[in-house]
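Me: Could you take a close look at the backbone with me, one spot at a time? I am in my first year, so please explain the terms as you go.

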Amino acid sequence: MRISHSLSLAALLAACLPCALAADKPAFNHGDLAAANSLREHALTDDTSFRLIESLTTEVGPRPAGSAGDKAAVAWAVREMRRQGFANVRTLDVIVPHWVRGEAEFAVISPWPQLMPTLALGGSIGTPPEGVEAEAVMVKDLAALAALPPGTVKDKIVYFSNRMERTRDGSGYGRAVVVRANGPADAAALGATGVVIRSVSTSNNRLPHTGATRYKADVPRIPAFAISNPDADALERQFASGKPVRLRLKSSSRELPTEHSADVIGEIPGTDRANEIVILAAHLDSWDPGVGAIDDGAGVGIMMGAAKLISGLDVKPRRTIRVVLFANEEFGTSGSQLYAGSEQAEPARHVLGLEADFGAGPVWRLTSRVNPAQLPVVEQIFRALAPLKLERGNNEAAGGADLDGLGKLGMAILSPDLDGTNYFDVHHTANDTLLQVDPAALRQSTAAYAMSAWLAAQYPGDWQRVETPKAPKR
Ligand SMILES: [Zn+2]
């Protein structure tokens, strides 16, 4: 802002006084806060979110990118958005990879032969029909692999032993998942013939955990697998014997031609600020071993349930509330990357985003990523959410993977953080089923998202762009 030289100091001080007081000024009027309370009361007795997850997991089930289930999920979402009364329901065509898991087998050949349950990592190449057999080298993580003397893993299978730490905010996953993402490419670069990882999971059951791995263009692709925590312990006891450990890996995983999928969009139209969008993001795809109830059926349920509750208020939102169920978050974030760059999706209209991709909840904390000048507004949203008993978090919210692109464009983020303490007992495993969704936690989560989205849509000021580039998500 330029200030005229003719302004006296007194006038300048007087002009700035309202800015100084703005922090304490109520951001929301009585009606907006009363509506937020009404959203909470309704959400805590409403089972729309749960019914949606039940329907998606029963009528569609697994929906990995490119599969028949993926296409069925898009049709399901269009149908359900219309049934919930959302406006402007439409799809945005997205091309997605189509990787097929096939069958996998993991055998310890020596010193003591046994088979262990396994899953190929997402995107892994298959093996010849007879499998890949070699002596195995155990390392903890990527740094330990890099520190080995040259030639140590040439023509060997690399086993990564690092165990993920249980945390509420998912930071344990962030630290451990780099092995899944980069371990196969790093090991291949050193001449390894295969990779096995201890599942990036906190569970003690025998169900292995899958998830995407990333090959590198200039490095050979080698097959990559995960085994469960108890089997990883058992394998490590074989290593501890000091005898050579020989493994055989088999998989019929393969990549098929790309397929069409879609982002599915529905709205609660705004009124006087309808041109500004508050986006509620979740993803429609899932991994294939389970039915994607917590990842991310829960997010789909929370966001559609929250929008449905807002549409049922007597007052209409000022800004447009747009629910977007993204295609293929799990294997490359194809849907959200396309969306952030698509004029059709009108990314520049998005002023604030919320994402639910961390299970069914409950929500335990409110974090944000807003222009620091607007922290007092977040503080007032936090106070309105007080009956839900949240903690106040920092202003470094990452949102989730699907808000990365819009975040980089400077969109503000409000993040009711879902409690992830037990999330990684189930995430990306065959155990990701409806039974893992706690209806009471889900109602509280839906309440937190509905109230946050509503107040974000009602804020009388402009949501400012956030200058600091969003930290890249690994
Ligand atoms: Zn997810």
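Reply: Let's start at Asp155, which is found in the loop between helix H5 (142–146) and strand S6 (157–160). Helices (H or I, at least four residues) and strands (E, at least two) are DSSP runs, numbered from the N terminus. Residues are numbered from 1 along each chain as its sequence is written, and side-chain values use heavy atoms, with hydrogens and water left out. This is a predicted model, in which local features need pLDDT of at least 70 and side-chain atom pairs count only at pLDDT 80 or more, while totals for chains, interfaces and linings use all residues.

Asp155 has a positive phi of about 65°, although it is not a glycine. Its relative accessibility is 48%, so Asp155 counts as partly exposed (buried is under 20% relative accessible area, exposed over 50%, partly exposed in between, with a 1.4 Å probe and protein chains only). Glu346 also has a positive phi, about 55°, and is not a glycine either. You will find Glu346 in the loop between helix H9 (334–340) and S13, and it is partly exposed at 27%. Why pick these out? Most residues other than glycine have a negative phi, and most peptide bonds are trans.

That brings us to the cis bonds. A cis peptide bond joins Ser110 and Pro111, with omega about 10°; Pro111 sits in the loop between strand S2 (104–110) and strand S3 (114–116). Another cis bond joins Asp295 and Asp296, with omega about 5°, and Asp296 is found in helix H8 (residues 293–311).

Asp295 leads us on to the zinc ion. Its protein donors are His283 (NE2), Asp295 (OD) and Asp357, which gives two OD atoms, at 1.9 to 2.8 Å from the ion. Donors are N, O and S atoms within 2.8 Å of the metal (3.2 Å for Na, K and Ca), and since water is not among the atoms, sites may look incomplete. The four donor atoms subtend angles of 51 to 147°, so the arrangement is irregular. Four donors count as tetrahedral if all angles lie between 85 and 135 degrees; four count as square planar and six as octahedral if opposite donors are over 155 degrees apart and all others between 65 and 115; anything else is irregular.

His283 lies in strand S11 (residues 273–283) and Asp357 in the loop between strand S13 (350–355) and strand S14 (363–369), so this pair ties together parts 74 residues apart in sequence. Both are buried: His283 at 0% and Asp357 at 18%.
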